[in-house]
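Student: I've got this model open and I'd like a close look at just one part of it, the sheet and whatever sits around it. Could you walk me through that?

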Amino acid sequence: MHIPLDRQQDIPLYLQIEEALRRAILGGTFADGDKLPSTRSLAAELSVSRLTVESAYAELTAKGLLQQRRGSGAYVRHLQPAPMQQRPASSELFPADRFTTTTSRLDGYPDIPLPEHIINFAAGVGSPKVFPMEAFRKILLSILSRHAEEAFSYGDYCGYYPLRDTLGRILTAQGIPTRAEQVLITNGSQHAISLIFQTLLRPGDTVIVEEPTYAEALGLLHLHQINIVPVPSDRYGMCVEQLPELIARHQPKMIYTIPNFNNPTGRCMSEARRSRLLALAQQAGIVILEDDFVGDLRYNGKSLPSLRAMAPAGTVIYVSTFSKMLLPSMRIGYLVADSEQYLQFSRLKHVDSFTSSNLIQRALDAFVTVGSYDKQLRRAGRIYRQHRDAMVAALSEHLPPGCRFEIPAGGLFIWLELPPTVSTTTLMPIAWQQGVTFARGECFYVEEQHGAHGLRLNFAANTPELITEGIARLCRAIVKVMGN
């Protein structure tokens, strides 16, 4: 069977095989019920591992194009043509009743799966297709074959020690001196943020946040009845010159910031502002929570020092995650704190969620230790930069006058500002009608109405082709609202 493989591409070999077979099946090369070559024989023919072919077959099976019969092989299964799904003919058919929760009303996701024709710019994560599935599968299989009993145990509630030690070494190499005993493994960065808020804050306390900011952090603060004081941001990050007056007036306990590639704007705080922020916080005795969820994903420009790297001990608590860089379903994040704070966070984690997945932590440590993470970081950076550039090109071509956007130096998002005559509340049903959705700006502001003319666009989760088409659809919707 002739399947051309390009080993220089960033696309994994198993996905190249899956795509070739999918096209052949849908194109009629194989009839319904035809048996495909065994994984062993096709692997030998293509000079790839058997696991690579098994992964390709698994993808086809998941899409309903193959039926795997145990002990017999893989058989082609032609899907019955589905009836054409009509796009909504008017905004009245926008499923407003399906956007019932606070999150779904704002972030572009209804409480049901998105229809297939909708191009989704609302996601908060990268593309799973960028993740090296085969390499990680090999690591998982190795752990299961050699350390299954230990991997399936609860493990240390502070986290798998070798992983904590590895993270400490990585952070130290990045200029953030860190010991394993300062690293607490959590179930994603959201869990880390929650532990910090619950430990250090009480109802009625005040936190300063840059605006716009991470919607789920605002949700946590509201949940715990914390007073939120916003400070605006511009292309250089938080406007720290406004902090002295806000600190004097509100006496905050904490400042929450995303200095690298802010969610949702993609902005970076300048080095001068970082220094000023640290000086103000230290002078007032305020803890800074530094959320560095995609700080490694830089596409151009120079790296800026972490707040924690610049700060004296006890001033900054650092939070990061592997979920955005690798796979969202990993749910492995971590925080870095000094001894007294660390002890408080680890105790709360113990009673709050006990442990994080020991199996995934061990696999992640092996993945990072063998150098695959650095390779994956470079690969993701190349791909996501192409995605960003595709979105920038499409916006530059199609965006009507009166709209503005900034080109981020890294991260996952582009922030788009609409003219005053266009609100996201009006735009979303029309965009849905055109076949595209986005994250509404309201969810990133303390006072929702302040974000009524902004929207977040994820460029990482879609291919350049879908990005180009999706932006064209979005711009048609904006033009239509402006015309009305």
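Tutor: Sure, and keep in mind that this is a predicted model. Let's start at one end of the sheet, where Ser-233 stands opposite Met-238 in E7. That pair belongs to the contact between E7 and strand E6 (residues 227-234), which run antiparallel and are joined by 2 bridges. Helix H9 (residues 243-250) packs on the sheet right here: it touches E6 and E7, and also strand E5 (206-211) and strand E8 (254-257). The direction of H9 makes about 175 degrees with that of E6.

Now zoom out to the whole sheet. It is open, has 8 strands and mixed pairing, and its order reads E4-E11-E10-E9-E8-E5-E6-E7. Strand E4 (183-186) and strand E7 (237-238) are at the edges; each has a single partner strand, so one side of each is left without a neighbour in the sheet.

Next, go to E5, which pairs with E6 in the parallel sense over 6 bridges. If you want one spot to click on, Val-207 has Ile-228 as its bridge partner in E6. In a regular strand, side chains alternate between the two faces of the sheet. Here, Thr-206, Ile-208 and Glu-210 point one way from E5, while Val-207, Val-209 and Glu-211 point the other way. Both sets are buried, the two glutamates included. With 6 of its 6 residues buried, E5 is largely enclosed by the rest of the structure.

Follow the chain out of E5 and you hit a cis peptide bond from Glu-211 to Pro-212, with omega near 0 degrees. Pro-212 is in the loop between E5 and H8. Helix H8 itself (residues 215-223) has Ala-215, Ala-217, Leu-218, Leu-220 and Leu-221 as its buried residues. Those residues pack against helix H7 (189-200) and against three strands we've already met, E5, E6 and E8.

After H8 comes the loop between H8 and E6, and Gln-225 lies in it. Take a look at its backbone: phi of Gln-225 is near 60 degrees, a positive value in a residue other than glycine. What about its surroundings? Gln-225 counts as exposed, because its relative accessibility is 56%, and the cut-off for that class is over 50%. By contrast, the residues of E5 are buried. From that loop the chain leads into E6, the strand that pairs with E5 in the parallel sense and with E7 in the antiparallel one.

Notes. Residues are numbered from 1 along each chain as its sequence is written. This is a predicted model: local features need pLDDT of at least 70, side-chain atom pairs count only at pLDDT 80 or more; totals for chains, interfaces and linings use all residues. Side-chain values use heavy atoms; hydrogens and water are left out. Two strands pair if DSSP finds at least two bridges between them. Helices (H or I, at least four residues) and strands (E, at least two) are DSSP runs, numbered from the N terminus. Contact means heavy atoms within 4.5 Å. Axes are lines fitted to C-alpha atoms, for helices over the stretch in contact, and angles run from 0 to 180 degrees between N-to-C directions. Buried means under 20% relative accessible area, exposed over 50%, partly exposed in between (1.4 Å probe, protein chains only).
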